[in-house]
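Welcome to a short walk through one protein model. Please have the sequence and the 3D view open while you read.

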Amino acid sequence: MSVRSHAASLLIPMDEDQKDHLKAYGLTYWTIKNGLEASWLLNYKGGSFLIPYSEPAEKECKIRGVTYQVITDAAVNTILNQITDNQSNTEIVKLEKAPKMAVYSPKNKLPWDDAVTLVLKYAEIPYDVVYDEEVLKGDLSKYDWLHLHHEDFTGQYGRFWSTFRIAQWYIDDVKFQESTAKKLGYKKVSQMKLEVAKTIRNFCAGGGFLFAMCSGTESFDVALAADGIDICETMFDGDPADQHAQQKLDFSKTFAFQNFKLDLNPYNYEFSDIDATSTRNLDRTDDFFTLFDFSAKWDIVPTMLTQNHDKVIKGFMGQTTAFRKSLLKSDVLVLGETKSANEARYIHGEFGKGQWTFYGGHDPEDYQHAVGDPPTDLSLYPNSPGYRLILNNVLFPAAKKKKQKT
């Protein structure tokens with residue numbers, strides 16, 4: 001008698017046995033998108049997935065190149081008994097509803113890529129692109145999850161003025177942003193971007209999931225703290241910045257950071273001292289960060305967000321590479337840190353009814369991505385631990401809500 005005649009489930013291992021970790025997330029998303037319930041086995045074989053057996057699901061595994069095992073009811077029960085044992089740091093989380101995904105991204109072409117859109121495409125997880133117009137007309141209400149990447153919510157055009165102000169792409173971007181602001185009734189791009197940031201904040205407060213990387217993390221909080229304050233110099237908005245901007249910042253409006261100092265010098269690439277890039281003394285060969293271990297049975301959300309087959313992740317740089325731990329708010333949860341440099345790389349928190357995650361750096365498999373560099377080919381990195389962290393954030397909104405015990 002064949003194994004499949006007793007087959008109850010497909011086990012998708014997520015430890016070193018998995019040939020393509022990134023595609024495995026896409027396969028799991030496909031499962032719940034098609035109305036089937038999947039289970040996330042936290043801390044079991046690298047955070048494996050268990051899905052009901054069906055011929056279409058097995059076929060999808062083969063098409064996508066995802067490693068899987070067909071297992072019987074008896075084998076499933078053995079695994080579940082191991083996981084539910086109170087002495088084991090493991091847990092089962094049901095994934096029930098495929099989150100509706102949106103990526104906040106400009107429609108005009110800019111000379112860099114976005115790690116999240118790269119991995120969503122590679123994993124075959126569908127998403128919509130929204131930008132300022134869609135956000136401001138209320139389209140975020142259609143989505144469960146929103147991603148921000150290399151974005152500048154302060155209206156300073158990414159602080160690229162010093163290096164790229166005569167580059168055609170920069171000139172075109174300024175023109176595009178200014179025309180959009182005018183069309184939407186704003187005198188300045190900074191005013192439009194602030195309203196976008198506040199709308200995104202409201203999306204999260206209302207129960208949305210927000211994930212941001214690189215400058216999308218830092219510039220978002222800087223913009224919120226500077227609500228009503230001019231922090232843009234003349235080349236950005238036609239008039240000087242407020243000389244007393246620093247003293248007027250309101251840190252009660254931010255998600256993650258407090259007591260930071262603005263960098264108002266337009267020749268500098270930095271927005272503030274939140275980012276530790278300029279002062280970190282790490283050589284590339286020593287640049288790693290470590291994921292924290294959480295109690296799977298008590299701290300469900302952070303455990304989901306840190307599922308991986310590696311606990312030590314290669315560092316990578318960006319406009320905002322790493323967060324100074326001294327500037328984090330007290331309720332921010334550090335998920336990954338470079339302890340020797342006293343910096344956080346991966347952080348999480350709650351805002352209103354929603355949750356957010358900030359991840360420092362630009363591309364987990366491109367150490368120092370430069371403007372104009374080609375996009376990363378993820379078929380070369382199907383087991384990337386750094387990219388897995390992004391996909392943990394994609395799947396965790398699908399989890400059946402359990403009250404966190406701590």
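Axes here are lines fitted to C-alpha atoms, for helices over the stretch in contact, and angles run from 0 to 180 degrees between N-to-C directions. Helices (H or I, at least four residues) and strands (E, at least two) are DSSP runs, numbered from the N terminus. This is a predicted model, in which local features need pLDDT of at least 70 and side-chain atom pairs count only at pLDDT 80 or more, while totals for chains, interfaces and linings use all residues. Residues are numbered from 1 along each chain as its sequence is written, and side-chain values use heavy atoms, with hydrogens and water left out.

**Helix α1 and its partners**

Two packed helices are described by the angle between their axes and the distance between the axes. Let us begin with helix α1 (residues 21-33) and helix α4 (residues 115-123), whose axes come within 8 Å and cross at roughly 70°. Angles under 35 degrees count as roughly parallel, over 145 as roughly antiparallel, 65 to 115 as roughly perpendicular and the rest as oblique. α1 and α4 are therefore roughly perpendicular to each other. On the α1 side, L22, K23 and G26 make the contact (heavy atoms within 4.5 Å), and they meet V119, Y122 and A123 of α4. By class, this contact of α1 with α4 has 4 nonpolar, 1 polar and 1 charged residues. For these classes, Ala, Val, Leu, Ile, Met, Phe, Trp, Tyr, Cys and Pro count as nonpolar, Asp, Glu, Lys and Arg as charged, and the others, Gly among them, as polar.

α1 also packs with helix α13 (residues 385-395), at an angle of about 10° and with the axes 10 Å apart. α1 and α13 are therefore roughly parallel to each other. From α1, the residues H21, L22, Y25, T28 and Y29 touch Y387, R388, L391, N392 and L395 of α13. The contact of α1 with α13 has 6 nonpolar, 3 polar and 1 charged residues by class.

**Helix α9 and strand β9**

How many residues of helix α9 (residues 215-225) are buried? Taking buried as under 20% relative accessible area, exposed as over 50% and partly exposed as in between (1.4 Å probe, protein chains only), 11 of the 11 residues of α9 are buried, so α9 is largely enclosed by the rest of the structure. Among them are E218, F220 and D221. The buried residues of α9 pack against β8 (145-148), α8 (189-205), β9 (209-213), β12 (323-324) and β15 (354-359).

β9 is itself mostly covered, with 5 of its 5 residues buried. On one side lie F209, F211 and M213, on the other L210 and A212, and both faces are covered. Two strands pair if DSSP finds at least two bridges between them. β8 and β9 run parallel and are joined by 4 bridges, with L148 opposite A212 in β9. β9 and β15 also pair in the parallel sense, over 5 bridges, and F211 stands opposite T357 in β15.

**Two asparagines with positive phi**

Two loop residues other than glycine have a positive phi.

| Residue | Phi | Loop between | Relative accessible area |
|---|---|---|---|
| N43 | near 65° | β2 (38-42) and β3 (48-52) | 30%, partly exposed |
| N342 | near 55° | β13 (333-338) and β14 (343-351) | 47%, partly exposed |
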